[in-house]
Structures are given as structure tokens and as C-alpha cells.
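Student: Please take a close look with me at one part of this model, the way its helices pack against one another. I would like a connected explanation, with each term explained when it comes up.

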Amino acid sequence: MTQGDANGVVVTRNVWKIFGERADEAIGAVRRDNLSKAEGLERFQAVVGVKDVSISVGEGEIFCIMGLSGSGKSTLVRHVNRLIEPTSGEILINGVNVGDLDAEELRAMRADKIGMVFQSMALLPHRTVRDNVAFSLELRNVDPFTRANVADRVIGLVSLQGYGDRMPDELSGGMQQRVGLARALAADPDILLMGEPFSALDPLIRRGLQDEFLELSKTMKKTTLFITHDLDEAIRMGTRIAIMKDGEIVQTGTPEDIVTNPADEYVADFVAGISKLKLIYAHTVMQPIERYERDGTRLPPLHECPQATPDDDLDALVGLAVNQRNPVVIMSDGTPVGVVTKDALLRGIQGEV
Amino acid sequence: MADETDVRKPFVEFAGPNGSYYADTFLKIKKNTLGRYHINLAAMVGGFIWAAMRGNWLLFVIAFAVDLVTLVNLGLVYKYSKAAVDNADKAFLVERFEGWSQTHLISAIVVLVVGRLVFAWLADRMYAIQFERWRINRSVNSGRIVSRLLIAALVVVLVLPMMLYRTTQFSPEERGCIRQDRAIAQGEQVPFKSRFDCYFIGEFPTLFWIQRPDEVSYPRDESGERYVKRTPPSANAPPVNLNTYTSQAIDDSIGYVTVFYGFLFDGVTQLLRGMLTAITSVFVGTPWPLMMCALLYLSYKMAGARTTIFVAASLIYLAMFGFWKTAMDTMSLVVAASIICVVVGLPLGIWVGKSNRGRVIVTPILDVMQTIPSFVYLLPAIAFFSIGKPPGILATVIFAMPPMVRLTALGIQHVPDNTKEAALAFGANPRQLLTKVELPLALPSIMAGINQVVMMSLSMVVIAALIGAGGMGYVVTEALENTETGRGVLAGIGIALLAMMIDRVVQKASKARRR
């Protein structure tokens, strides 16, 4: 498991969360005997929410935490702004230990540094969209004029111009979640916590919002913790992905890492159904020319072969390979560095490289 | 389709003896082909004995009740025939007793016949339900077991003799029993029968007598200070029972508190009176044309044109029948009581909604407050605050407060957790959470609470007229005392109109807010 860079914007160090009145006893036992979830429940009436998690999220990174319901991903992310207190371990934000803040400092940090988006949107139904977006500013006693200005600007960012005076229940689910996003962005926080933000939306709208969010984060460079139960989404959004199971992180890595090198059966099962077309690149599936020619076959003249670069993905290679008898030659700086045969291409699509 | 015998097997296993009959019947019940008038003959003849052996104790109770009522009626026939013979010299008594005895004879026959028929009709249907329970849980009674008759016999032996004895005897007079009690206490001999009658078939007997407590009074000494003076009861004063003793103690404590801490109650009374004076000066002090216009304008603004037409009609009724001032009096009382209810009830409701301890402390008190009949609130109000409008308002406040507290708490508790979490995640402090999230989201519930408070205040204010709160209720009480039905009816209609008026306006207003 990669620990990542210890100087990240959001760092968790050996965070444990055990729910139940006898959490302290339980944590010792779980550490010592490596109790399973069921055993912990039976012996201590305690539920292990998060089990020894250490992650580090770098600046501007979109760090996806993927897991099924009950895997502890939402619990973990609520530790970051201390909506939940860890049983042990510490959480650092820009090097500051969140556990050491007093109530007022904590509120200031939540309001200024961290924006959060919820699966349930959790908008205030009695306030207009504008007042919802400006909520965090209002909590910090910003004057109404500035509030309205900032809110209108952010509403524009999520393309909801003209909806400022509407009430949330007049908006569709997708638009409501945009309001949720705008609310999180209003205070211009360094960190975004996205708690399954798009899970409740239907697939087309989800897709659209994912793209928009990617566009936004390219320009805004916010450090993002993105929770999802959908591996496709994690792969689309994430710079890096951490896969959680029963409160533990089973694998952390880039999307390609995870797809090509699943750490265990559990991850492999997940990855099995994923389309690799946009995840695997030519440099992974190509073989050196010498090995290709070792079997006695000769590479046809270069100008008769389709050509690609090492950073082209499988999707592009497939496009080049159709209607061609010759293999695809991978060129780097004008010289051929490898060959991708149709066999290798098909294997690559299967994820076996 | 399963084999017929396979299908019947569990039924037979459950019913035991006579299994094939029950298998047939249960199958018909399952197929919905059981005849509408199907009855179980064994059950009709056997009655509670059948039910006991089959182990269905609910059916047993039904059958036993049928037989018991029959027997009781027969017992009454015996009692009244005997009374007719005993009083043969008084023709009118003979006639009366014979009439009664005939009525009870007819009742006995009807109850027995109809009861047994209904029981026999129920028997198979309820026995089938027992079968369903038995299928899930094999410890449910099944089969036909004779030893269950022992339990049945025990019940019969315990119940029947007492019941029959009770019905064949004239019940003893209460005063006679008290006299007899005292006689026994002084060592007189009393026949067993009259002792038994007093103990078991009359009022619950007085188990013990208590020495009469000291007489307490609060006279002034030479310096004008009040002090507690106890006078022991005279030597031959009869002892008292628990009720008299305890009520005397309560009276004494209330007397003590009002004598030595009267200034507290006077303070509260002054406060209430001041508040009421201010409100009354608005409602009654304003000349009626202005007040009427103001009320109509308010109702138009809050509830729209339609309701305003109704309000106008009601106001005209009140004015035409000469209830204007009294109605405005009542309105001031309602407004005063409602304001206090909201001012006290809202924070209390928030506390109950947010804190576990608050809920544990306040909920039982509210339960008691809502169970006590409204009349009872008048007693402490009089005891501590004497009569008049202020104690009337207090009784009203106590009566009308619970819904405010409850509905506020309900509203606060129903604010979705994730909305609160979101507010916290954006850095809300507890006060901001309350004022910007919880209270606004609880507002519909709070408005419903206010509506309830106003309606309950009105009903209590009318009752409070009994302790001199005045207003519309006074007209009704006066009408009751002088049996002036017509006046009472007119005032009653006036009160109803007042209530509907307030209810419509407040309800429409809170609905409009929600939208």
C-alpha cells in the first residue's frame, strides 16, 4: 500500500473509528487479534467504522475514495472536518492537527477552508438558491451585499444563472446538486469534500455533472476528496483512487494502477467489469520490436503500418488497427519503440497485460 | 396439486380427535367455501367446556361469559321472585318485582340462545386462527386434552359462587356498612353474613381508620404576625378514612403556602392583571367600529377574502345579539393566555426537542397535564390565586400549553439530520444552527402548535368563567344557573362562531406562510 506524500494538504495518520460505548476496549482487541467486524460487534457491541487508515492527499489532487455501502468511506471523510471524532489517530490539514482546534477555530476552519457536498443535497428548503449558496458566508457574518455578489458569481460558475431567486424545491435533482456544489464553493475553500455527490442522480445527468466538475476543478485546482460507490465514477474523476472495504483501505493508486494491478481478489472483482479502453495506454501493451521479430515474423515497412505514440490509449489503438493487416507501430521521437499486435490489443481490452 | 391427504395432514395433526371434521372445515375456510351460517355443533353443546378442552382460552372466556350472564339473569329471577313473595302485602312492590323477574327470565333465555349460536359460529373460525399460530409456533395449544378442564374448573369455582351470591342478594347500603365498621371497632358482635356482604359485594371496604388530624389555623399574634396554631380534635371525634385525612392535609399545606408566601402569588396576579389590562384596553377600549374594521382587515390580510366574509358574518352576529363587549373580553383572555403559552412553551419545546434530559423531565409532566380533565385545573388556581381573571388565565395557560411544547419539540426533532450536519459542516455554531436551520424548518409544526394553543385557550377560558374569569363563558354559566335556555343557546353559538373565526384565520395564515 502506498502511503503517499506525508506533506499533503489532507493527511490522515492511522485513523481508527469504532462506534459503541466500549470503543476503547474494542480498539485494543481489534489491533491485537485482528478481529473481524462480526466478532467486534459480538464481543464489544462495537462497530468498526474506520480501521487504521493513513492517506495523504496532495494539493489540487482529486482523491477518490471508493467502497460499497458500509465500507466506512463516508465515516472517513467526516473525520476531515471533524463531524466525527476519531477513536485514535490524527488528521492534519495543511499541517494543522484538526483534533487540537477549539470550537471556534474548528468553526472557522469549516467555514473558510473546507466546502462539503452531500449526497442528499441537504439544502435549506426555506431559503432561495442565492441564500443557500451564501449560507457559509452568512455564518461568518459577511455583509448581505458582498454575500449576494459572491453567491451570484458562484451560481454562474455552476451554470445556474438566473436561478438565484428560486426556491430549491422548484429545481430538478441535478440543479439542486449544482446548488450544493455552489454552496461548497462560495467561501472559496482550499478543500472540497464530496460525499457521493452524484449518486442520487440519474446516469445522464450524473455524467454531465461529472464533466462539469472536472472542468471546474481544472481551473480552480481545489484539493478534493471524492467519495463514491461507483468505480466508473472513481476512474473518471480521480487522480488517485483508494479502495475501502470493511473500514480498511485495500489499495491506493492511479486508475491505471488499480485496473492493471488489482491488489487482491476483491479489487479484481470490481475491476473485472470496467472498460479498459481509456485506462490502458500503448506503452503498457506494446512489446519491443526485437521480441516481435524473434518469432521469425518480420515487421512490414514502417510506412505500411499504422503509427501511434506511447501515450495513446487502447481506444485510439483500436481505431488505428481496424481494417489493417499489419500491427500498430509505436513511435517515439520519430523512432519505432514497440509494436502492438491485434492479439496484444485484445488482451489489453481484457485487462490482461 | 398436492395429494389430498398431504394437504389434510397438518390439520388432522393439529386437531387430534375428530380431525377429519376440522380438516374439512379448515380446508373450506382456506378455499373461502365455508357456509355463511356454518356452526360447530360440539362447540354449541359443549360451550366453555369445548373451548377449554381445545385449549382456546379466548373462546373459553366468550363461552363462559355467555353462560355466566345467563346464570346471573336466572339468579336475578330468583331474587326478585323471592322479593315478590316476601312483600306479598304491598301490591305495587309485587307488581314491580314480578315485572323485573319476567324481564330477566326473557334476558336469560335470549342470552343463552343467541350467545351459544354466536359462539358456535365463531368457534371453527377462531379455532382456524389458533391453527395458523400453531403452525408457526408448536407450543401453541393443539389437540383435545381433558386435563385442561382443571383450569376451566378453577375459574368456574372462583367466579361462579361469588357472582351468583352477589346477584341473589340486595347489596348493602354504604352508610350502613360504615356504621357497622364503627360498631365492630367498638367491640360489638355483628353477624357473619352482614360482615361478608359489606366486605365483598358492596363498595371496597375501608381497611383502616386514622385518628382525626389536628385542626390548623393561622391567627395573628400580638405583633400582627401570623403563626401556625394547631388544635387537637375533641376526644370523642370519630376517626376518619384515608381520603378525608389526605384531603385535610392538602388543604392545610395550601393554606400554609398561601398564608406565608402569599406575596409570590400576589406578584403573579399583579403581573397577569397588568398584562390583561393592556390587552383588554385594546380589544374593549377601542370603539367597536374601529375594532371591527381592524379585525376584518387583519383577517383579510392573513386569510383572504372568503374567510373574511365568514368573520364579518360572525362579528355581526355577536354585535347584533349584544355580545360585542363580552366577546372582546373573551378575546383578550384568549390572547393573553396564548401569548404566555407561546412565550413559555416555545423555549420549553426547544429544550425538549434538543435535550434528552429535557424530554425525560417534561414529557411525563405534559402527559399528566393532558390527562387531567380541564375542570380540575380550576382548583389549584382558586386555591393559590383566589377567583377572578388572573387565576382564570393561569388555569388556561396550564391547560393550553402542552401542544405548544409538544409540537415545537416534534418540529425540532424532525429536522433532517443531514441538513443539520450540512449546517455544521459550513461552520454553524449552536445558536446559528437553532435560528437559521432548526427553527425555520420546524415552523410549520410550531404554527400548528400556536393554532392548537389558541383553540384550547378559548375552550378553557369559557370554563374559567366558573371561577369568575367573565366573558362569554359567564353568560353561559349564568344561563345554566337560572335555566335560561334561550340565552345559553345564543351565547353558545357566539362562542362557537368565535372559535371557528379564530381557527380559520390562524389556520389559513399558517398555510399561507408555508407556501
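Tutor: Helices α11(B) and α14(B) pass each other in a right-handed crossing, where right-handed says that the near helix is turned clockwise from the far one by less than a right angle, and left-handed that it is turned anticlockwise. The model is a predicted one, in which local features need a pLDDT of at least 70 and side-chain atom pairs count only at pLDDT 80 or more, while totals for chains, interfaces and linings use all residues. Residues are numbered from 1 along each chain as its sequence is written, and chains are lettered from A and ligands numbered from 1 in the order in which they are written.

The helices themselves (DSSP runs of H or I with at least four residues, numbered from the N terminus, just as strands are runs of E with at least two) cover residues 262–283 for α11 of chain B and residues 324–354 for α14 of chain B. Their axes lie 9 Å apart and make an angle of about 135°, where an axis is a line fitted to C-alpha atoms, for helices over the stretch in contact, and the angle runs from 0 to 180 degrees between N-to-C directions. That angle is why α11(B) and α14(B) are oblique to each other (under 35 degrees counts as roughly parallel, over 145 as roughly antiparallel, 65 to 115 as roughly perpendicular, and the rest as oblique). From α11(B) the contact takes B:Met275, B:Leu276, B:Ile279, B:Thr280 and B:Phe283, and from α14(B) it takes B:Met328, B:Asp329, B:Met331, B:Ser332, B:Val335 and B:Ala336 (two residues are in contact if their C-beta atoms, placed from the backbone, lie within 7 Å). Sorted by class, the residues joining α11(B) to α14(B) are eight nonpolar, two polar and one charged (Ala, Val, Leu, Ile, Met, Phe, Trp, Tyr, Cys and Pro count as nonpolar, Asp, Glu, Lys and Arg as charged, and the others, Gly among them, as polar).

Helix α14(B) also has a second partner, helix α15 of chain B (residues 356–371), against which α14(B) packs at an angle of about 120° with the axes 6 Å apart. With such an angle, α14(B) and α15(B) are therefore oblique to each other. The residues that meet are B:Leu348, B:Trp351 and B:Val352 in α14(B) and B:Gly358, B:Arg359 and B:Val362 in α15(B). This contact of α14(B) with α15(B) has four nonpolar residues, one polar and one charged.

A further pair in chain B is α18(B) with α19(B), whose axes come within 10 Å and cross at roughly 160°. These two helices, α18(B) and α19(B), are therefore roughly antiparallel to each other, and α18(B) passes α19(B) in a right-handed crossing. Here B:Thr419, B:Lys420, B:Ala423 and B:Leu424 of α18(B) meet B:Leu433, B:Val437 and B:Leu441 of α19(B). By class, the contact of α18(B) with α19(B) comes to five nonpolar, one polar and one charged residues.

The pair α18(B) and α19(B) leads on to the contact between the chains, which takes 14 residues from chain B and 16 residues from chain A. On the side of chain B that touches chain A, α18 (417–425) and α19 (430–463) each supply at least two residues. Helix α18(B) gives the most to that side of chain B, with six residues. The residues of the side of chain B that touches chain A divide into eight nonpolar, five polar and one charged.

To place these helices in the wider chain, the domain assignment of chain B gives domain 1 (4–168), domain 2 (215–260) and domain 3 (264–514), with bounds that come from an automatic or database domain assignment. The C-alpha centres of domain 1 and domain 2 of chain B lie 58 Å apart. Away from the pairs above, B:Tyr21 lies in helix α2 of chain B (residues 19–30). B:Tyr21 counts as partly exposed because 16 other C-beta atoms lie within 10 Å (20 or more would make a residue buried and 12 or fewer exposed, with C-beta atoms placed from the backbone). Between B:Tyr21 and B:Gln452 there are 59 Å in space, C-alpha to C-alpha, and 431 residues in sequence.
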